[in-house]
Amino acid sequence: MGNDQKLQHGDYEYQIVAYRKVNGMYQGMVLLTAHAGIQYSPIVEIPTPSVFKSEHAARIEASALACQLIETGGVVALVP
């Protein structure tokens with residue numbers, strides 16, 4: 001994982017992480033932490049659909065997924 005930097009897009013605050021799976025591949029994940037200043041408890045975890053050989057590629061996909069979900073409004077269906 002490694003990077004705990006919180007990012008902001010619109011009213012959403014999130015983190016991008018990548019996990020190494022047992023097969024050695026990496027899967028990205030978006031961790032939604034807040035919306036409009038209100039913290040999520042627990043944090044909403046949104047995994048990416050693909051796995052990659054590199055951690056960097058997994059983070060890129062997770063970042064793109066976060067932007068896509070927020071900009072299209074799709075994130076609303078994934079949060080409590």
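A residue counts as buried when its relative accessible area is under 20%, and as exposed when that area is over 50%. By this criterion, 38% of the 80 residues in the chain are buried. The model described here is a predicted one.

**The chain as a whole**

The chain holds four strands and one helix, and these follow one another along the sequence in the pattern β-β-β-β-α. The chain is as compact as a globular protein of 80 residues, because its radius of gyration, 12 Å, is close to the 12 Å that the globule rule gives for that length. Measured out along the principal axes, the box filled by the C-alpha atoms is roughly 35 × 25 × 20 Å. Among the contacts with a separation of 6 or more, 40% are made between residues 24 or more positions apart.

The accessible surface of the chain amounts to about 4,900 Å², and carbon and sulfur atoms account for 55% of it. As for charge, the chain carries 5 positive and 7 negative charges, and the mean positions of these two groups lie 13 Å apart.

**Strand β3 and its partners**

Strand β3 covers residues 26-35, and nine of its 10 residues are buried, so the strand is largely enclosed by the rest of the structure. Strand β3 pairs in the antiparallel sense with strand β2, which spans residues 12-20, and also in the antiparallel sense with strand β4, which spans residues 38-52. The table sets out the bridges of each pairing.

| Strand pair | Sense | Bridges |
|---|---|---|
| β2 and β3 | antiparallel | nine bridges |
| β3 and β4 | antiparallel | eight bridges |

Single residues show how the strands face each other: on the side of β2, Y14 stands opposite L32 of β3, while on the side of β4, V51 stands opposite Q27. Both pairings are hairpins, for β2 and β3 are joined with five residues between them, where G24 in the turn has a positive phi of about 90°, and the hairpin of β3 and β4 has two residues between the strands, with A36 taking a positive phi near 55°.

**Two residues of β3**

Is T33, a residue of strand β3, buried or exposed? T33 counts as buried, because its relative accessibility is 2%, a value that falls under the 20% cut-off. Leaving aside residues up to four places away in sequence, T33 touches K6, E13, Y14, Q15, I38, Q39, Y40 and I43; among these, Y14 is the residue that stands opposite L32.

Y26 also belongs to strand β3, and with a relative accessible area of 16% this tyrosine is buried as well. Which residues does Y26 touch, not counting those up to four places away in sequence? The contacts of Y26 are Y19, R20, S50, V51, F52, K53, S54, E55 and A58, and V51 among them is the residue that stands opposite Q27. Along the chain Y26 and E13 are 13 residues apart, and their C-alpha atoms are separated by 23 Å, whereas E13 is one of the residues that T33 touches.

How values were computed: Residues numbered from 1 in each chain as written. Predicted model: local features only at pLDDT ≥ 70, side-chain atom pairs only at ≥ 80, totals over all residues. Heavy atoms only, no water. Rg over C-alpha atoms; globule rule 2.2 N^0.38 Å. Buried < 20%, exposed > 50% of the residue type's maximum accessible area, 1.4 Å probe, protein only. Contact = heavy atoms within 4.5 Å. Areas by Shrake-Rupley, 256 points an atom, 1.4 Å probe, with all protein chains shown as cover. Lys, Arg positive; Asp, Glu negative; His and termini not counted. Charge placed at Lys NZ, Arg CZ, Asp CG, Glu CD. Pairing = 2+ DSSP bridges.
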